[in-house]
Amino acid sequence: QRIITHHAHRLLKSCQFVRLGEMCYYLKFELLQFLQNERQNLCEIDDPAHVFMSIHEEFHWPYPDIIPRILSHPKVSSNINVISINSDSDSKFIADPHEYEEKVDFISDTVSLYEGSVYSECRVEIDPTILAEALKRGTQESEDKLNYYLRMFFDAEVYNYALLFALVLRDVDAITNIVKKDPSSVMLSILMAIDCWGHQESGGYSLFLQSFKPFI
């Protein structure tokens with residue numbers, strides 16, 4: 001058992017989440033109990049951006065980098081008007097493009113882009129393939145696995161890893177719940193690290209994280 005536990009810890013620290021899950025399944029090793037026992041050893045993540053990117057790679061989860069490019073795409077025509085933020089529902093497109101998908105007209109629709117303390121509402125005409133790519137989230141199998149690990153880390157109260165999985169899923173409710181459960185500087189540092197990484201590497205995540213500026 002000690003050897004298995006040591007190997008599980010090594011897999012986790014090296015971000016081999018898929019192999020960890022497979023090991024737990026075949027050896028009937030309780031992942032939740034392991035995470036609860038290892039909670040103190042997992043309280044710090046040296047490089048949140050590295051773990052964040054590893055999660056994407058492990059689960060073949062696409063980055064939302066295409067979202068900000070919609071507005072600058074040659075086939076997009078926009079008429080920008082600045083409006084005030086009236087309610088949480090206004091941020092639907094930013095909060096969860098997946099839920100927004102069914103409401104989108106592939107010929108033209110309204111896209112809200114958060115900029116500081118206001119929204120810019122743009123009337124755009126978007127190529128269907130461009131918009132479809134923007135809303136792509138990966139396979140259902142990958143999403144199920146990501147949600148499974150999110151739940152395991154959350155239930156084990158390993159909130160730093162839970163937060164990273166919630167950010168990958170762009171799950172606003174989960175992110176908010178995690179930050180409320182653990183409003184420590186650790187959660188703040190993770191949000192800041194991913195925000196900084198997003199500004200340099202992923203415009204889509206940078207845009208998404210604008211919704212959490214009050215936390216950051």
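This passage walks through the helices, a few selected residues and the cysteines of the structure above.

The structure is a predicted model, in which local features need pLDDT of at least 70, side-chain atom pairs count only at pLDDT 80 or more, and totals for chains, interfaces and linings use all residues. Residues are numbered from 1 along each chain as its sequence is written, and side-chain values use heavy atoms, with hydrogens and water left out.

A good place to start is a pair of helices that meet. Helices here (H or I, at least four residues) are DSSP runs numbered from the N terminus, as are strands (E, at least two). Helix H4 spans residues 48–58 and helix H12 spans residues 185–201; their axes come within 9 Å and cross at roughly 70°. An axis is a line fitted to C-alpha atoms, for helices over the stretch in contact, and angles run from 0 to 180 degrees between N-to-C directions. The crossing therefore makes H4 roughly perpendicular to H12, a label for angles of 65 to 115 degrees, while those under 35 count as roughly parallel, those over 145 as roughly antiparallel and the rest as oblique. H4 and H12 cross in a right-handed way, meaning that the near helix is turned clockwise from the far one, whereas a left-handed crossing has the near helix turned anticlockwise by less than a right angle.

On the H4 side, the contact (heavy atoms within 4.5 Å) is made by Pro48, Ala49, Phe52 and Met53, and on the H12 side by Ile190, Ala193, Ile194 and Trp197. Sorted by class, the contact of H4 with H12 has eight nonpolar residues, no polar ones and no charged ones. In this sorting, Ala, Val, Leu, Ile, Met, Phe, Trp, Tyr, Cys and Pro count as nonpolar, Asp, Glu, Lys and Arg as charged, and the others, Gly among them, as polar.

Helix H9 (residues 140–155) includes glutamate 143. Glutamate 143 is buried, at 13% relative accessible area; buried means under 20%, exposed over 50%, and partly exposed in between (1.4 Å probe, protein chains only). Leaving aside residues up to four places away in sequence, glutamate 143 touches Trp61, Arg137 and Leu169. Phenylalanine 154 also lies in H9, and with 25% relative accessibility it counts as partly exposed. With the same sequence neighbours left out, namely those up to four places away, phenylalanine 154 touches Tyr159, Ala162, Ile178 and Lys181. Its C-alpha atom is separated by 9.7 Å from that of asparagine 177, 23 residues apart along the chain.

Helix H10 (residues 159–169) is mostly covered, with eleven of its eleven residues buried. Among them are Tyr159, Asn160, Phe165 and Leu169. Arginine 170 follows H10 and is found in the loop between H10 and helix H11 (172–181). Arginine 170 is buried, with a relative accessible area of 2%. Most residues other than glycine have a negative phi. Arginine 170, however, has a positive phi of about 55° although it is not a glycine.

Cysteine 15 is another such case, with a positive phi of about 65°. This cysteine lies in the loop between helix H1 (2–13) and helix H2 (17–26), and is buried at 3% relative accessible area. Cysteine 43 and cysteine 196 can be set beside it: cysteine 43 is partly exposed at 40%, and cysteine 196 counts as partly exposed at 43%. With a disulfide taken as a pair of cysteine sulfur atoms within 2.5 Å, the count comes to zero disulfides.
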